[in-house]
Amino acid sequence: MAYIEFSGVEKRYGATQAVSRFDLAIAKGEMIALLGPSGCGKTTTLRMLAGFVPVSAGTMRIDGRDVTNVPPYRRNIGMVFQGYALFPHMTVARNVAFGLEMRGIPAGEITQRVRVALERVRLGDFSERMPRQLSGGQQQRVALARAMAINPDVLLLDEPLSALDARLRHEVRAEIRQLQRSTGLTTLMVTHDQDEALSMADRLVVMSRGQIEQIGTPSTLYERPCNRFVADFMGRSNFLPGKIGGIGCFVTEHGAVLSFEGNAPASANTMSFRPERTQLVPIDAVAADAHSDDVNTLAGTIVSFAYLGPVIECLVRIDDGPVVTALLTNTSELDALGMHEGSRAAVQWARRDAALLA
Ligand SMILES: Nc1ncnc2c1ncn2[C@@H]1O[C@H](COP(=O)(O)OP(=O)(O)OP(=O)(O)O)[C@@H](O)[C@H]1O
Ligand SMILES: [Mg+2]
């Protein structure tokens with residue numbers, strides 16, 4: 001049974017279709033990430049659920065109740081807005097108390113709930129500070145405490161980490177996730193950072209231009225993207241154009257025969273595979289097992305190596321084909337291969353690591 005349900009939800013601003021036919025069922029306690037490039041409709045979707053933006057079409061339900069036309073303050077949703085959203089002239093405690101005061105909760109109970117909310121985000125000793133006296137990560141945690149103080153049924157987070165630097169981002173990311181797990185609060189989070197979405201959410205919803213491209217678990221989206229947009233957006237991929245040549249068989253534009261596992265859409269026209277699942281092997285080592293069904297092999301010429309610290313990025317121009325990227329994790333292995341720019345080489349990737357895209 002879905003706890004939150006979007007059915008055919010749309011938003012138009014004049015000629016702009018900000019969100020089109022949005023269908024999504026979210027289970028109680030689930031953490032969902034809405035992911036996509038700038039302007040794809042993430043914030044609009046969140047604000048429609050919160051009630052700040054009226055829908056142009058469709059319905060939204062929370063716990064079976066139709067909330068489509070219910071005013072925001074009667075939806076019992078906690079929200080952390082994009083960017084900083086603390087009131088700069090109020091103390092931390094007053095910021096957190098704000099939503100409770102708006103709901104007419106008695107003063108004694110507010111004090112108590114503010115304390116609990118601040119302790120939850122480990123800021124119990126900061127209640128009398130002003131927002132400007134806090135670090136970015138602390139401010140973000142206050143915003144989170146404020147959203148959770150009202151004991152919401154649903155928590156909405158719009159780019160909650162976007163204002164933080166990389167290190168803090170990782171820290172607060174883990175904290176939010178842990179808080180969400182321990183409270184079991186159904187959460188919808190917006191981000192355009194794929195690492196953030198992959199590491200935090202139970203399921204991801206990838207959007208582009210107001211539409212859902214794919215919904216799935218982090219591993220499904222990464223391992224089995226349904227189209228080129230998702231494959232490209234969820235990290236980097238190699239793409240080879242071609243067409244299906246039979247069961248488990250893909251023929252590239254240049255006539256190379258490759259294999260893949262599972263079903264592919266009949267309209268599939270691209271094979272994709274991840275750079276980190278791509279091996280670089282000496283050209284003379286592959287002839288013997290070039291026809292293996294489990295491994296795809298293509299010969300080419302090394303274009304360049306780039307040292308990136310933990311990995312080395314190698315670009316290889318496939319004979320009569322495009323340039324593909326292999327990420328090599330072991331520098332000594334690379335030295336042992338004795339390969340350099342201009343060398344002949346082969347790239348290999350396992351049949352199970354190939355995804356077919358329409
Ligand atoms: N009040 C508004 N009036 C007119 N157009 C709007 C309004 N709000 C949003 N839009 C348009 O709707 C589309 C979706 O905007 P939205 O804010 O939902 O994008 P987003 O995915 O959150 O992007 P970002 O990652 O930049 O925050 C954009 O084309 C935007 O210009
Ligand atoms: Mg936005």
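These are my notebook entries on salt bridges, strands and one buried leucine in a predicted model.

**Entry 1: salt bridges**

I began with a search of the whole structure, and it returned 17 salt bridges. I picked a few of them for a longer look.

My pick from strand β1 was the pair of arginine 12 and glutamate 10, whose closest N and O atoms lie 3.2 Å apart. I then asked how covered each partner is. Glutamate 10 comes out as buried, at 14% relative accessibility, while arginine 12 is partly exposed at 39%.

Next I looked up glutamate 175 and arginine 122, where the closest N and O atoms are 2.2 Å apart. This pair links distant parts of the chain, 53 residues apart. Glutamate 175 sits in helix α5 (residues 166–183), and arginine 122 in the loop between α3 (107–120) and α4 (136–149). Glutamate 175 is buried, with a relative accessible area of 18%; arginine 122 is exposed at 52%. I also found that Arg141 joins in: Arg122, Arg141 and Glu175 are linked in a network of salt bridges.

My last pair was aspartate 353 with arginine 277, with 3.0 Å between the closest N and O atoms. Aspartate 353 lies in the loop between β19 (344–350) and β20 (355–357), and arginine 277 in the loop between β14 (270–273) and β15 (279–282), so this salt bridge ties together parts that are 76 residues apart in sequence. Aspartate 353 counts as buried at 15% relative accessibility, and arginine 277 as partly exposed at 27%.

**Entry 2: the sheet that holds glutamate 10**

I went back to glutamate 10 to see what it pairs with as part of a strand. Its bridge partner in β4 is alanine 57. Strand β1 (residues 4–13) and strand β4 (residues 57–62) run antiparallel to each other over five bridges. I then traced the whole sheet, which is open, has four strands in the order β2-β1-β4-β5, and pairs in the antiparallel sense. The edges are β2 (16–26) and β5 (65–66), each of which pairs on one side only. Helix α1 (residues 42–50) packs on this sheet and touches β1, β2 and β4. I noted the angle too: the direction of α1 makes about 115 degrees with that of β1.

**Entry 3: strand β9 and its partners**

How many of the six residues of β9 are buried? I counted five, so to speak with the program's help, in the strand that spans residues 203–208. On one pairing, strand β3 (residues 31–35) meets β9 in the parallel sense over four bridges, and leucine 35 stands opposite valine 206 in β9. With strand β10 (residues 211–216), β9 pairs in the antiparallel sense over five bridges. There methionine 207 has isoleucine 212 of β10 as its bridge partner. The hairpin of β9 and β10 has two residues between the strands, and arginine 209 takes a positive phi near 45 degrees in it. I flagged that torsion for myself.

**Entry 4: leucine 356**

I finished in strand β20, where leucine 356 is found. Is leucine 356 buried or exposed? At 11% relative accessibility it counts as buried, because the cut-off is under 20%. I then listed its contacts, leaving aside neighbours within four places in sequence: Pro225, Ile244, Phe250, Phe260, Ala264, Pro265, Ala268, Thr270 and Met271. To tie this back to my earlier entries, I looked up the separation from glutamate 10. The two C-alpha atoms are separated by 30 Å, with these positions 346 residues apart along the chain.

Methods. Residues are numbered from 1 along each chain as its sequence is written. Chains are lettered from A and ligands numbered from 1 in the order in which they are written. This is a predicted model: local features need pLDDT of at least 70, side-chain atom pairs count only at pLDDT 80 or more; totals for chains, interfaces and linings use all residues. Side-chain values use heavy atoms; hydrogens and water are left out. A salt bridge is a side-chain nitrogen of Lys or Arg within 4 Å of a carboxyl oxygen of Asp or Glu. Buried means under 20% relative accessible area, exposed over 50%, partly exposed in between (1.4 Å probe, protein chains only). Two strands pair if DSSP finds at least two bridges between them. Contact means heavy atoms within 4.5 Å. Axes are lines fitted to C-alpha atoms, for helices over the stretch in contact, and angles run from 0 to 180 degrees between N-to-C directions.
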